[in-house]
Amino acid sequence: MTNPDSVSERIQQLRDEIDRHNHLYYVLDDPQIPDSEYDRLLRELQGLEAEHPELITPDSPTQRVGAEPLKAFDQVQHRLPMLSLDNAFSEDEFAAFERRVQERLGIDGEILFCAEPKLDGLAVSLRYEAGVLVQAATRGDGSQGEDVTHNVRTIPSVPLRLLGKGWPGILEVRGEVFMPKAGFLRFNETARRLGEKEFVNPRNAAAGSLRQLDPKITATRPLDMFCYGFGEIEGGNLADSHSASIVMLKQWGLRISPELRTLSGLKQCAEYFEQIAGRRDALEYDIDGVVYKVDRLADQEKLGFVARSPRWAIARKFPAQEELTRVESIEFQVGRTGAITPVARLEPVFVGGVTVSNATLHNMDEVAKKDVRVGDTVFVRRAGDVIPEVVRVLPERRETNAQPVQLPTTCPECGSDVIKPEGEAVARCSGGLYCSAQRKEAIKHFASRRAMDIEGLGDKLVEMIVDNGMVSDLADIYSLSHAQIAGLERMGDKSAENLIQALEKSKHTTLARFLYALGIREVGEVTAAALADHFRDLKAIMQAQVLDFIQVAGIKGIGRATADAIAEYFSENQNVAVDGELQEWLAGLGIRGLNSKIAQRIAARYATQEEFYQALQSDAMCYVNRSLIEGIGPVMAEHIVAFFHQTHNLEVIQKLLDAGIHWDEVATPAIETQTLAGKSFVITGTLSRPRSEFKEDLQALGAKVVGSVSKKTDYLLAGSDAGSKLAKAQQLGITILDEEGLKQLLVELE
Ligand code: 5U1
């Protein structure tokens with residue numbers, strides 16, 4: 001392609017094509033070509049631009065990351081101020097806002113609002129001139145912000161050129177840059193691994209990422225942007241309503257909130273608020289309320305603004321999720337497996353709609369990292385239904401004599417020694433079921449719905465029977481008499497009778513449930529089911545050794561690359577005779593990865609030259625450490641084996657079996673009778689019931705439910721707000737089902 005016209009035509013074609021696929025992928029969540037195809041287009045464009053640098057333009061998709069880091073941020077004067085929002089903290093305050101709007105507009109009836117969640121990110125203004133992104137600025141003080149163009153250009157969902165037609169010659173768009181929760185967790189995980197600074201929350205992560213002088217760093221951060229408003233508009237018009245204008249932004253390639261709705265009157269606004277609040281935790285990004293805007297632009301103009309806030313918009317905020325309070329004491333709780341968890345007792349504080357007086361400190365490493373001490377003023381966070389946690393300390397408010405917290409040397413419940421193995425974060429009570437705290441937790445777990453499902457044996461009752469010395473191990477619950485139970489506080493004949501019946505009913509269970517109920521460390525429901533499926537028999541599991549779970553072979557330190565290098569050397573130098581000691585000889589051959597330590601291990605394993613050559617032929621040197629049962633790695637295998645080696649556990653199991661616990665033989669999966677046998681499912685998004693319930697149902701029909709989408713996935717069950725998994729499934733052409741689709745599939749397969 002030497003003709004300059006055809007080169008520039010091809011470059012333009014490629015840019016259009018790449019922009020279109022970027023938009024499909026990042027804005028519409030609807031990728032239509034595989035990554036490999038996208039990469040091919042990008043590489044072709046990069047190649048042509050490298051040959052013809054004179055044809056490179058700043059809006060080319062190859063130019064997202066600028067070359068040089070900045071020295072400092074320039075200031076940007078906003079042509080129209082970037083407004084902030086007034087807040088309403090209750091339905092009454094929102095109603096008062098609506099009344100004010102009605103009065104000012106002289107309207108009696110309901111007002112039409114455009115509503116969407118309020119993202120907890122960073123407000124940014126984008127300026128497009130002739131459809132090309134020329135500037136991006138932070139809000140700053142509303143009049144003047146910082147020029148972050150170089151960083152915003154790296155956000156894949158922000159178009160460098162607008163798509164379609166009809167955009168005003170000058171279009172300023174306002175919106176929120178944010179870091180999705182999953183990206184934030186991934187980022188922090190990597191930072192932790194590398195010993196680098198972690199961010200406290202996704203908002204700080206987004207702000208910190210945008211304030212990088214080097215756009216190459218920002219480009220590695222998973223940022224996104226939803227657009228929700230306008231600044232200067234010239235040389236063109238928007239629609240008559242806010243909602244329709246925002247939809248135009250979507251047509252021009254900008255990302256808008258998928259939750260955007262128009263609502264009429266207080267009732268619909270309140271319902272929307274409740275609906276979003278209920279889904280808050282399931283959304284892929286942090287939000288802190290709902291924004292309502294009068295939808296008619298002519299009405300917005302009439303209402304105008306006061307100070308820096310428009311009279312036509314309000315943010316109804318969720319109750320605060322982070323508050324300041326004081327640590328009154330730090331205590332240690334003992335869990336089911338003896339894990340000792342430090343807990344901060346707090347001066348009660350209202351956070352996220354509830355009063356919080358305890359917050360977990362997770363473990364001693366966490367206490368040391370956050371340096372939490374008694375008397376400290378701390379930020380407490382409550383996110384959804386998660387246990388409240390101490391986020392950080394305000395060191396400037398620390399009392400001078402505050403002492404660091406020490407791990408107790410003995411269990412606060414039973415006085416047994418506390419053990420904290422080197423390198424492990426968790427300290428444990430060594431008392432086992434002698435420790436009443438562990439006994440209580442073990443029984444609560446055993447009785448829980450997903451384990452033995454003993455209806456009526458709730459936490460309070462378990463505490464009473466343990467505190468009254470009525471059970472010394474799990475199995476004793478099956479020996480409780482009617483009189484013993486009826487004699488307990490707030491228990492009568494009827495409830496005792498019900499509990500006895502529930503205990504009786506629970507005796508017929510499944511091997512998987514029984515294994516889960518035993519509370520073996522690290523063995524959750526899925527592992528218990530995998531164990532039952534693999535071994536089919538309790539005795540076999542009890543007698544299993546680590547090598548029944550894990551295949552270990554070869555020589556530690558010899559990975560695939562070294563094994564291949566050794567094999568390659570000997571295939572090129574066939575049957576060379578060993579010269580001198582095997583170890584020294586091997587180490588001296590100069591094979592990549594084969595150092596003297598590895599050579600020593602090889603020599604220790606193979607006594608003769610012949611054995612060594614045989615191992616080479618069979619590729620037996622390459623180290624393998626493979627799970628034979630899905631999800632069970634070496635650590636878990638050791639926990640399982642150790643559990644069944646403890647005499648006490650064996651005695652309890654025998655007592656439970658003697659009490660009559662039984663299950664039907666684990667059948668060989670009757671593939672042909674199970675509707676979904678052999679089918680692999682991934683579940684994503686918000687469904688009408690918890691995902692775990694769908695998972696159970698699908699598994700009961702023989703399906704395998706896995707966590708991530710791959711070529712092997714047969715179906716993706718997708719609820720609302722499905723994100724990257726949906727995108728990937730679409731990309732791979734996997735069948736996507738909603739709940740209705742799943743029902744139909746089951747009818748068809750029946
Ligand atoms: N979702 C949304 N967030 N937010 C923030 N809309 C919205 N509108 C805002 C702000 C500051 O201001 C409008 C006045 C454009």
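Select strand S10 (residues 287–294) together with strand S13 (residues 313–317): the two run antiparallel and are joined by 5 bridges. Within this pair, Gly289 stands opposite Lys317 in S13. The model is a predicted one, and the tour reads its geometry with that in mind. Now add strand S3 (residues 112–119), which is joined to S10 by 7 bridges and also runs antiparallel to S10; here Ala115 stands opposite Tyr292 in S10. If you colour S10 by accessibility, 8 of its 8 residues come out as buried, so the strand is largely enclosed by the rest of the structure.

**Cysteines**

Stay in S3's stretch of the chain and select Cys114, which counts as buried because its relative accessibility is 2%. Which cysteine sulfur is closest to that of Cys114? It is the one in Cys269, and the separation of 10 Å is too far for a bond. Move next to Cys411, which at 4% relative accessibility also falls under the 20% limit and therefore counts as buried. Its sulfur has that of Cys429 as the closest cysteine sulfur, at 3.7 Å, and this too is too far for a bond, since a disulfide requires the two sulfur atoms to be within 2.5 Å. The structure as a whole holds 0 disulfides.

**The open sheet and its helices**

Select strands S5, S4, S7 and S8, which form an open sheet of 4 strands in the order S5-S4-S7-S8 with antiparallel pairing. Strand S5 (132–138) and strand S8 (224–234) stand at the edges, and because each has a single partner strand, one side of each is left without a neighbour in the sheet. Neighbouring strands of this sheet are turned against each other by 25° on average, with direction ignored. Zoom in on strand S7 (residues 170–178) and S8, an antiparallel pair joined by 8 bridges; one place to look is Val173, whose bridge partner in S8 is Phe230.

Next bring in helix H6 (residues 202–210), which packs on the sheet and touches strand S4 (122–129) as well as S7, its direction making about 40° with that of S4. Then show helix H8 (residues 242–251), which lies across S7 and S8 and runs at about 110° to S8.

**Helix H5**

With H6 still displayed, select helix H5 (residues 181–193), whose buried residues pack against H6. This helix has 13 residues and reaches 18 Å from its first C-alpha to its last, close to the 18 Å expected at 1.5 Å a residue. Its buried residues are Lys181, Gly183, Phe184, Phe187, Asn188 and Ala191. They cover an arc of only 160° around the axis, which puts them on the same side of H5. Residues three or four places apart in an α-helix point the same way, because there are 3.6 residues a turn. Rotate the view to the face of H5 turned away from its buried side, and you find the exposed residues Leu185, Arg186 and Arg193. After H5 comes Gly195, whose phi is positive, near 70°.

**Helix H2**

Turn to helix H2 (residues 35–51), which has 17 residues and reaches 24 Å from its first C-alpha to its last, close to the 24 Å expected at 1.5 Å a residue. Where is its buried side? Select Leu41, Leu42, Leu45, Leu48 and Glu49, the buried residues of H2. They cover an arc of only 125° around the axis, which puts them on the same side of H2. The face turned away from that side carries the exposed residues Ser36, Arg43, Ala50 and Glu51.

**Two loop residues with positive phi**

Most residues other than glycine have a negative phi, and the last stops are two that do not follow this pattern. Select His362, in the loop between strand S16 (354–360) and helix H11 (364–370); its phi is near 65°, a positive value in a residue other than glycine. His362 is partly exposed, with a relative accessible area of 36%. Finally, go to the loop between helix H14 (482–486) and helix H15 (493–506), the place of Arg490. Arg490 has a positive phi of about 60° although it is not a glycine, and at 76% relative accessibility this residue counts as exposed.

Key: Residues numbered from 1 in each chain as written. Predicted model: local features only at pLDDT ≥ 70, side-chain atom pairs only at ≥ 80, totals over all residues. Heavy atoms only, no water. Expected span 1.5 Å × (residues − 1). Buried < 20%, exposed > 50% of the residue type's maximum accessible area, 1.4 Å probe, protein only. Arc of directions from axis to C-beta. Pairing = 2+ DSSP bridges. Axes fitted to C-alpha atoms, helices over the stretch in contact; angles between N-to-C directions. Contact = heavy atoms within 4.5 Å.
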